[in-house]
Amino acid sequence: MPTIKTRERLSEVRYEIRGELARRARELEAQGRTLIKLNIGNPGAFGFRAPAHLQRAIADHIHDTDPYTHQQGLPAAREAIAAFHRARGVHGATPERVFVGNGVSELIDISLRALLDPGDEVLLPSPDYPLWSAATILNDGRPVYYRCRADAGFLPDPDEIEALVSPRTRAIVLINPNNPTGAVYPRALLERIVAIAAKHRLLLMSDEIYDGILYDGAVFEPLAPLAGDVPCLSFGGLSKVHRACGWRVGWAVLSGDPLASGDYHHAMDLLGALRLCANVPGQFAIEAALHGTDTIGALCAPGGRLYEARRAVIESCAASAHLSLHAPAGALYAFPAVHGPAAIGFDDHAFALELLETEDVLVVPGSSFNLAERNRFRVTLLPEPAQVREVFGRIDRVLERRAVA
Ligand code: PLP
């Protein structure tokens with residue numbers, strides 16, 4: 001009988017990207033199996049490197065990184081982030097309104113902890129990036145999901161969002177470009193969502209960590225310039241666009257009318273102070289990253305590694321008798337659906353386990369992203385295109401067996 005009890009609400013929290021299947025994968029690897037692991041959006045694990053000028057920025061300052069910094073981050077880094085947002089059209093983006101964190105992950109937690117009282121509601125996309133649900137729950141809030149349906153290009157319906165607003169709603173969360181679907185939200189849709197936040201006095205929380213990862217002419221619209229006076233937290237970082245997820249550098253920028261956001265800034269600052277500061281060496285790369293040298297564009301253009309991996313996914317799904325795909329317009333993932341005979345009685349977890357056990361491929365079941373349907377899975381676009389094709393060959397073998405069973 002254990003003497004230590006864990007927090008009850010943890011039973012509501014899932015993070016299956018690194019969960020049971022990933023544990024099983026490690027067991028198989030320990031037995032000598034070679035796996036293709038497409039579960040984590042971890043560029044460094046697939047040979048991507050942070051750009052050399054970012055590495056140099058850290059190396060040049062390594063001797064300056066011993067002390068703690070201000071809880072909101074190094075002044076020069078915050079000024080670079082503020083300038084980046086001003087250049088995007090975010091009026092009043094100043095270093096005082098920038099918070100640097102140990103990745104966007106930490107800032108998602110802090111920003112919800114600063115906002116929620118028990119029972120407060122947060123409007124989240126379904127599917128979501130599951131940290132958003134987890135952090136809402138662990139900060140005593142209640143996730144309320146608006147759907148991003150495949151037949152609508154994975155775009156949310158603003159009428160549905162508004163219908164879900166209650167007296168307890170505190171915030172609307174957007175993930176754009178989206179993980180796991182790859183949807184990139186058009187300006188007109190974002191304007192409708194801003195109007196809902198303005199009408200109901202809600203905080204907008206826009207997770208834009210994939211803002212530079214765009215394919216085939218997709219255009220990213222940052223939310224904050226459209227939000228104007230409406231309080232808006234915009235999240236970005238070095239993990240994806242700059243391929244430096246191990247450095248643990250993210251930021252959040254608070255925009256909108258300071259009178260409307262009231263003490264929220266101070267609450268964020270206090271919670272930041274309680275954890276002292278973010279990892280300091282990584283902060284020295286921020287200025288270098290935001291100084292205008294685009295290093296991701298070529299990877300996302302025809303001939304580029306991400307573009308060609310995405311092409312391989314699209315072509316593999318098109319060639320499969322069992323898969324359909326809404327092609328991702330941005331971010332690092334594809335989110336195919338299983339259809340036809342293979343989909344009868346389909347359970348995404350059972351499928352992912354079978355794929356792992358019999359074909360040495362690790363994917364994430366779609367329902368792990370707080371999605372009610374159980375006919376999808378997520379893969380990353382990070383492997384070499386040839387490996388992507390190999391993976392989809394193995395996926396098709398499993399689905400073929402299921403179709404005839
Ligand atoms: N937000 C989204 C949508 C993500 O996909 C991720 C990581 O995959 C994060 C936030 C967390 O990123 P970070 O490495 O900055 O903590």
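**Reasoning through a predicted model**

Modeller: Let's begin with a small pairing: strand E14 joins strand E15 (residues 377-380) in the antiparallel sense over 2 bridges. Please keep in mind that this is a predicted model.

Biologist: Why is the contact between E14 and E15 called a pairing?

Modeller: At least two bridges are needed for two strands to pair. E14 and E15 have 2 bridges, so the pair meets that cut-off. Within the pairing, Val 364 stands opposite Arg 378 of E15. The sheet they belong to is open, has 3 strands in the order E11-E15-E14, and its pairing is antiparallel.

Biologist: What makes E11 and E14 edge strands?

Modeller: Strand E11 (333-334) and strand E14 (364-365) each pair on one side only.

Biologist: And in the sheet of 8 strands, why do E2 and E5 stand at the edges?

Modeller: The order there is E2-E9-E8-E7-E6-E3-E4-E5, in an open sheet with mixed pairing. Strand E2 (98-101) and strand E5 (155-156) have a single partner strand each, so one side of each has no neighbour in the sheet. Further in, strand E7 (residues 203-207) and strand E8 (residues 232-237) pair in the parallel sense over 4 bridges, and Met 205 has Leu 233 of E8 as its bridge partner. E3 and E4 are parallel too, with 6 bridges, and Val 122 has Pro 143 of E4 as its bridge partner.

Biologist: What lies across E2, E7, E8 and E9?

Modeller: Helix H4 does, running at about 120 degrees to E2. H4 (residues 103-113) also provides the largest share of the shell around the ligand, 3 residues. That shell holds 13 residues, and the closest are Gly 103, Val 104, Ser 105, Tyr 129 and Ser 239. By character, the shell divides into 5 nonpolar, 7 polar and 1 charged.

Biologist: How do you know that H4 and H5 pack, and which residues make the contact?

Modeller: The axes of H4 and helix H5 (residues 131-138) are 9 Å apart, at an angle of about 35 degrees. From H4 come Ser 105, Ile 108, Asp 109 and Leu 112, and from H5 come Leu 131, Trp 132, Ala 135 and Thr 136. These contact residues divide into 5 nonpolar, 2 polar and 1 charged. The crossing itself is right-handed.

Biologist: What makes H5 mostly covered?

Modeller: Of its 8 residues, 6 are buried, namely Trp 132, Ser 133, Ala 134, Ala 135, Thr 136 and Ile 137. Their cover includes H4, strand E3 (121-126), strand E4 (142-149) and E6.

Biologist: Now single residues. Why is Val 184 called buried?

Modeller: A residue is buried if 20 or more other C-beta atoms lie within 10 Å of its own. Val 184 has 24, so Val 184 is buried. Its place is the loop between strand E6 (169-175) and helix H7 (187-200). Leaving aside neighbours within four places in sequence, its contacts include Asn 176, Pro 177 and Leu 214. Leu 214 is 30 residues away in sequence, yet 8.3 Å away in space, C-alpha to C-alpha.

Biologist: Is Leu 276 buried or exposed, and how do you know?

Modeller: The cut-off for exposed is 12 or fewer. Leu 276 has 10 C-beta neighbours inside 10 Å, so Leu 276 counts as exposed. Leu 276 sits in the loop between helix H10 (264-274) and helix H11 (280-283).

Biologist: And Phe 154, buried or exposed?

Modeller: Phe 154 has 22 C-beta neighbours inside 10 Å, so Phe 154 counts as buried. Phe 154 lies in the loop between E4 and E5.

Biologist: What is phi for Phe 154 and for Leu 276?

Modeller: Phi is near 65 degrees in Phe 154 and about 70 degrees in Leu 276. Both values are positive, and neither residue is a glycine. Most residues other than glycine have a negative phi, so such values stand out.

Biologist: Which peptide bonds are cis?

Modeller: Two examples are Ser 126 to Pro 127, with omega about 0 degrees, and Asn 176 to Pro 177, with omega about -10 degrees. Pro 127 is in the loop between E3 and H5, while Pro 177 is in the loop between E6 and H7. Most peptide bonds are trans.

Notes
Residues numbered from 1 in each chain as written. Predicted model: local features only at pLDDT ≥ 70, side-chain atom pairs only at ≥ 80, totals over all residues. Near = placed C-beta within 6 Å. Nonpolar A, V, L, I, M, F, W, Y, C, P; charged D, E, K, R; others polar. Axes fitted to C-alpha atoms, helices over the stretch in contact; angles between N-to-C directions. Left-handed = near helix turned anticlockwise from the far one by under 90°. Contact = placed C-beta atoms within 7 Å.
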